[in-house]
Every structure is written in C-alpha cells, then in structure tokens.
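Subject: Handing over the structure

Hi,

Here is the structure I said I would pass on. Have a look at it first, and then read my notes below.

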Amino acid sequence: MGATFERLEQRTFYLLVAAGGLLTLLGLGAAHWMEERGHVVTGMDNQVVWGLPHVFAIFMIVAASGVLNVASIGSVFGQSAYKTRAPLSGLLSLTLLAGGLLVLMLDLGRPERVIVAATHYNATSVFAWNVLLYSGMFAIVAIYLWTMFERRFNPYAKAAGVAVLVWRFMLTTGTGLIFGFLVARQAYQSAVLAPLFIVMSFGWGLAVFMIVQSSMLTWNGRRLDAAMRRRLARLLGVFVAAALYFVAVYHLTNLYFSRQGAFEAFILRDGGVFPLLFWLGYAVLGSLVPVGMLFQPRLSDRGVVAASALVLLGAFAWLFVFIIGGQSFPLEIFPGYLAHSSFGDGAIAHYVPSWPELLLGLGGIGAAFVLTMVGVRVLDVLPRDDVAATASTARR
Amino acid sequence: MRQIAALLATLTALAAGGAVAADEARTPRPVVEAARAGTQCVEPADVMRRDHMRFLKHQRDDTVHAGVRGAKYSLKECIGCHASPTTQSVATGETNFCTSCHSYAAVRVDCFECHSSTPQAVVQQGSK
Amino acid sequence: MKTDPAAPPAESKPRRRGFLGVAAAGMAGVALAPGIRLIEIAQAATTTTSAGANPAVRWGMLIDTTKCVEGCTDCVDACNTENGLAPATRPTDPQWIRKIEIKQIKTGRTASLPVMCQHCAEPPCVEVCPTGASFKRADGIVLVDRHSCIGCRYCMMACPYKARSFVHEPLADQKSDVPRGKGCVESCTLCVHRIDKGEKTTACAEACAKAGHGAIVFGDLNDPDSEISQRIRSANSVQLRADLHLEPGVRYQGL
C-alpha cells in the first residue's frame, strides 16, 4: 500500500500533550475547588444559573455532532474525497464530546452523583434523553470508526454512517430543545432552536475540523490540495451563512412579537456586553467576515484557518449571548408591571465570569486536545488526498 | 497440577493468617459511644451494622415521596438516641456514633451535609 | 439420509427437554422466592406512624395583596426561621419566599405581595428534572428530593416564577425537620414537615395572621368547605402567569 504511518516528531508531540494535560489538570483543580467551596466561588447565582462552563460544554457537544458532517458526506453521500477524512472526523467527535461532557458533569452541584443521573431517568426530561443520546453517541461513533478501520467491516461503513447521521440529528435536536422546551424565559421557548442548533453544529464542527486537519497536515509536512481546500472552505461558508439565517429568523420573529420587544432591545441594543458580542463578535467577526473570506477564489491555507478560527470566536460569542444573556434578562412574572425585590425580580442580572469557571471550560478543551493528540498518534486518521484519489474507493 | 496445589496452599495460608489476625488484642477497633441509657434500638446491633444503609435508603423514599414520618427507621429517631452527650451530635466528634465506624471503615457519610446531626427539640405531635 | 453420528439418540431428547423444563421452573422459583419473602418482611417491618401525603387533598394558598403591606417581610422572616435559612443579602443566597413590589406601567398602581413556589399542577420543574428529584407529591406539594438531586439547575431554568434557589455554599446548623445542603436545589415546601405532623398552616401564613394582616391563607383546595375554597368562590383571584396553563396552587387577590 505504500503510505507509511507518519508521526509527529517525538518531542513536539510530548510537549503538546503535556501542555494539554496541564490545561486539563487546571480544569480538574478548578472543578475540585468549586465542589469543595460550592458554586459561590463562581459568578453564577440564582438568576444566572448556567455560566461560562456551559458555554464551553455546549460548544463542544454541538461541535462534536457537527464535525461528523465530513464523515457523513463521505460515508452516506458517497463523496470519495470525504471518505479519507471520515476517521479523523469520527475521532474528533468522540474527543469533543468527551471534553464537553467532562465540563458539564463537573459543573454539577453534586458531581459525585453522576451515577444517580445514570440510573434514574425521568422520561419527560430532555436532560435524561440526552444522557442516553450522548452515551449512545460514543458507542455508535466507535462502531462507525471500527467499520472504517477493520477491513472486513468496510462494507458496513455506510450503514454505520447512516446510523451516526440519524443519531447526531437526534442528539443536536435534543441539545437545542434543552432550551426550546423552556417556557419560562423569553430567550428560549422556541421550536426554531432545534434546527438552529443543527445548522450551528455544521459550521462549528467543520471549522474545528479544518483547524485540526490543517495543523495535522502541516506537522506532517503535507499540504492540503487547493481544490479540496476550496470545496471545504465553500462548504463552511454555506454552513455559517445558513446559521446566520436561522439566527436572523429567530430574532426577527421575536422582534415582531410586542411581548418580546423588551428582551430583544436588551440583547440587540441596550444590554451592554451582549449586543457587543452579538453584533461584533458573532454577526460581523463570526459570520460575515469569515463568509466573505471563505468564498474568495484564491484562499490560502492560512486564510482558511483564520476564517475557521473566526467562526469559532463567533460561536463562543453567540453562545455567551444566548445562554447568559438569555438568563440575565429578568423573568416576566407580572406582564405589564415593573417589579423589584430582594431576589432580583425585574432587574437585569450582572454575571461576571470567574476564574474557576474559565479554567474548567478550558480544561474541557484541554481534555479534548489530549485525547485527539493521542488518537491521532495511535490511529491512522491523517487525510490522504493523493492516496484517496488513486486507491480504490471500496477500501473505505 | 503443582501450580494449583501451590495456589491452594497460598490461599489457605492467607485464610489462616486472616483468622489469626482476627485476634482481638491486635486489631484496632472503633470507639463507638453508647446510645442513651434505657433505650433499645429498633434492630439488633449485628443487623444494623450490616443493613442500616438499606433501611435508611428505603425509609427516605417513604418519607420524602409519601410523607411518612416517625416510622421505624426514621433518621431523626436514630439521632435522638445515638447523639453523644458531650457533643450533642452523631457526627461532629471522632467518637460520635456515626463518625466512629464510618471513619474506621473509610466510608464517607454523606447524610450530614444536609441532615442535622443533632437532635433539636422535635415536637412530637401525633407521631410516635 | 445419513444419520449424524454425533446426534444424540432419540430417547435422550425428551429427557433433556424435561430436565431443562424442571431447571427453568426451579430457577424461576429461586428468583421469585426471595422477592416474595422480602415483600413479607417489608410489609411487616414498616410501622407507619404518620399517615403520609393524602391524594384526596390539594394544598394551596390564597394571598390577598390588598392586605399586604409594602416593606413588611413578616412572612419571609418566619419562613427563614422555620426552615433555617439565613437572611438573604447576596444573589447567591437562597430565598424560598420573597416580597415583590410591583407597579403597573400604564396606570402607576402599586402593590406588594409575597411570591414563592406556586406548587403547580403541571410543574415545568418536574418535567425537566433528569433524575426525577423534582417531583409533585400526592397532595400537590412540589418538592425536591435531595437524595436524587444532582444540582444541574435545569429546574431553575424551567421555573417561570424564579421559585427555586441553589445552595451555593456548605451549610451548617440545619433544622432537623428541614434537611438542606450544598449543591442541591430547593424551594418553598409549603412547610411540609409541619403539615405532615398535622399542623394546620404554614409558617408564613401563621406569621402574617399573628402580625394582624391576615394576607395569607393556607388550606385544602379540594375541600369545598375550607376557608380558602370559600374565599376563592366568593371573591376574584388570579394565578400568576395563568397564560402558561401550569395550574398553580397559589392564587392572588387584588391583582
């Protein structure tokens, strides 16, 4: 077959793993601190109950679902150029999911009770569905990877790919419906959140994939074929534009309803950091600029990585506005009334992220990074366009 | 064959050694404070030692979900009898009833993060 | 047709089947018997002394906001004392009941009222709890089973009344009737520990009556002769966010 399994130079590899490991340890230390002292050491309170860790966790979980798009285009829709990318896509999905769930579980008020969550299920709770969907995701993606690596099972890769596609649609829908099912807060309670999260997942997942792929190829002294790069860049541009469309529809609908007017004014104009993050962070830097870049006819590798990084910046900005801005706006218990109380009724909550929360979130990224590094070293996941072009597509 | 015999011999030796180690004088024991004088536990000590966690686990569901109070395995009743006369608690001092065995067995006792470990003046109206 | 030399002779097949049948029956018996024995033990062991939650009852509250005094916090103080809550000073401090001062934007009319867990008949907090720790008791009281609560705070996101609080710090000196601790979510229990012992009212209602305001009435909504049912029948009362159709057990007059 020829192409030997190339490895990153030993020292660089171990340095990177050590850096990621250190980040993960800091995150675990922060989680321990939060568990010992209670959530009073964070910026969360009784109004903003989900803070920065949830921003990181939901980003990683949604990206974990979306990164499998590359594999789906290969296995399910039969595009051979994508088939060589499917194993890396599967690996990234597993590691991102692991990192995201790590952050989510460590942010619990009682993380030692995860076993209770695993053994007691409330059938109406989206969270309970998600426990099953996320664990099932690990299993299904692992089986999918197996069908790609084990030559005897290559014929089953398509079926496994279809199963993965269906499962991740359910999973991302479930993630969107965590918020969509909440009737209490004006930011949520919308059915459009389910497709919105799905389309967001496409963009975020592909952006992560592009960055990881580019790094891997560079470290192995290879280059991404220009035509392939353009295809992927255009695809990312389409995904980001589609996500922007859903966000626009969400806000336009809200603006149309008088009862949502005050909330929209808060998010889009008066809310201080939230409009700033939304317009500058998400809309301009996170969507319009990258889309403009990605559709350039001659885009360099650095340009694609930069555009992908901007997309991820936009992801964090949007999630911060969505999760934290959505909670900062007061609940409307008395429509038509102004309210104030000792419990923050009628008042905008002021959330300030704390160091333990940031470290915990970064710890999740670190864990995903370490797992990816190890996986990339141990498994043969490097995308090979030259091999893919010549070798039979029946291989995978 | 020889390996099996060697294995059996080792296991027997360990068991015998274990039996020897059960000699009272050589084993540290937890210092467990006695319960209030004149009271009788709802179960014999050896049953409680083995099963108290099971009793409490089922009783708590009855209490929380069904609202049954003052039943046989009520935690408050346990605390009422077993609270130490010096610390007024079952879990603050090292020799207190719950802490002594739990620290000896190195099993974290989670109950008193939420439950009070002291018997406050419990107004018994219509129960017990 | 060649007979397979490894095939068992014909007459041992019924014997094997018979053996399997007896073995299966025996295993079933062995599996079931301990369960039956345990049920015997369970029924013999628990000597219930309090009757427990009565499904025929639905506990509720009626709050007359016209009798509620602005700036008065007797109900809040009584709740804190009864349940062992420290007076709230920070946004992280739990508050099971709080006084809200409201002012109608169009008319300028003001009112003062206490808001606590509304003990809905269709509680969103119960629907979203992943472990089932947030639950509705047979008599309508919505509670948190802190043995199952993992502290995910999803119920806090789901509650339209901001009724739930999260315990952000380690606690000490809990009341023996009201266990509560770090990392779990909590809310007004309608003084369930008092109700189960046969007391007739909650701490907040009692304190309000003692102070002479009488703004809070607690009682059985399913009993047509209870004071609360009579009052609801005679004068208009509303539920907060009635448009959500959650069917709260707490009603307000004078809004």
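Before anything else, one term: I call a residue buried if 20 or more other C-beta atoms lie within 10 Å of its own, with C-beta atoms placed from the backbone. Please also keep in mind that this is a predicted model.

With that term in hand, start at helix H1 of chain A, which covers residues 10-37. Its buried residues are A:Gly20, A:Thr24, A:Gly27, A:Ala30, A:Ala31, A:Met34 and A:Glu35. Look at how they are spaced: an α-helix has 3.6 residues a turn, so residues three or four places apart point the same way. The cover over the buried residues of H1(A) includes two other helices of chain A, H5 (86-106) and H14 (355-378). From first C-alpha to last, the 28 residues of H1(A) reach 40 Å, close to the 40 Å expected at 1.5 Å a residue. Just past the end of H1(A) you will find A:Gly38, with a positive phi of about 90°.

Now step back to chain A and its domains. The assignment gives domain 1 as 9-181 + 350-380 and domain 2 as 192-206 + 224-331. Their C-alpha centres are 21 Å apart. Where the two meet, 27 residues of domain 1 of chain A are in contact with 21 residues of domain 2 of chain A. On the domain 1 side, helices H2 (52-66), H3 (68-75) and H8 (157-180) of chain A each supply at least two of the touching residues. That side divides into 16 nonpolar and 11 polar residues, with no charged ones.

Next, the chains. Which pair of touching chains has the most contacts? Of the 2 pairs that touch, it is chains A and C. Chains A and B, on the other hand, share no contact, and their closest C-alpha atoms lie 11 Å apart.

The A–C interface is where I would spend some time. Here 39 residues of chain A are in contact with 46 residues of chain C. On the chain A side, the elements giving two or more residues are helix H6 (114-119), helix H7 (126-149) and strand S1 (337-341). S1(A) provides the largest share, 5 residues. By type, the chain A side has 21 nonpolar, 14 polar and 4 charged residues.

S1(A) also pairs with a strand of the other chain. It runs antiparallel to strand S2 of chain C (residues 97-104), and 5 bridges join the two. You can follow the pairing from A:Tyr337, whose bridge partner in S2(C) is C:Gln104, to A:Ser341, which stands opposite C:Ile100.

So which strands make up the sheet, and in what order? It is an open sheet of 3 strands, ordered S1(A)-S2(C)-S3(C), with antiparallel pairing. The edges are S1 of chain A and strand S3 (110-116) of chain C, each of which pairs on one side only. From one strand to the next, the twist averages 30°. Helix H2 of chain C (residues 74-83) packs on this sheet and touches S2 and S3 of chain C, with its direction at about 160° to that of S2(C).

Within chain C, 7 bridges hold the antiparallel pair S2(C) and S3(C). C:Ile100 turns up again here, with C:Leu113 as its bridge partner in S3(C). The two strands form a hairpin with 5 residues between them, and C:Gly108 in the turn has a positive phi of about 80°.

As for chain C overall, it has 7 helices and 9 strands. Of its 255 residues, 46% are buried. Among its contacts with a separation of 6 or more, 61% are between residues 24 or more positions apart.

One last residue to click on is C:Cys204, in helix H6 of chain C (residues 203-210). Why does C:Cys204 count as buried? Because 28 other C-beta atoms lie within 10 Å, and the cut-off is 20 or more. Beyond its neighbours within four places in sequence, C:Cys204 is in contact with C:Cys75, C:Ala78, C:Cys79, C:Ile97, C:Pro114 and C:Ile216. C:Phe218 is 14 residues from C:Cys204 in sequence, and their C-alpha atoms are 9.3 Å apart.

Happy browsing!

Terms used:
Residues are numbered from 1 along each chain as its sequence is written. Chains are lettered from A and ligands numbered from 1 in the order in which they are written. This is a predicted model: local features need pLDDT of at least 70, side-chain atom pairs count only at pLDDT 80 or more; totals for chains, interfaces and linings use all residues. Two residues are in contact if their C-beta atoms, placed from the backbone, lie within 7 Å. Helices (H or I, at least four residues) and strands (E, at least two) are DSSP runs, numbered from the N terminus. Ala, Val, Leu, Ile, Met, Phe, Trp, Tyr, Cys and Pro count as nonpolar, Asp, Glu, Lys and Arg as charged, and the others, Gly among them, as polar. Two strands pair if DSSP finds at least two bridges between them. Axes are lines fitted to C-alpha atoms, for helices over the stretch in contact, and angles run from 0 to 180 degrees between N-to-C directions. A residue is buried if 20 or more other C-beta atoms lie within 10 Å of its own, exposed if 12 or fewer, and partly exposed in between; C-beta atoms are placed from the backbone. The expected span of a helix is 1.5 Å times one less than its number of residues. Domain bounds come from an automatic or database domain assignment.
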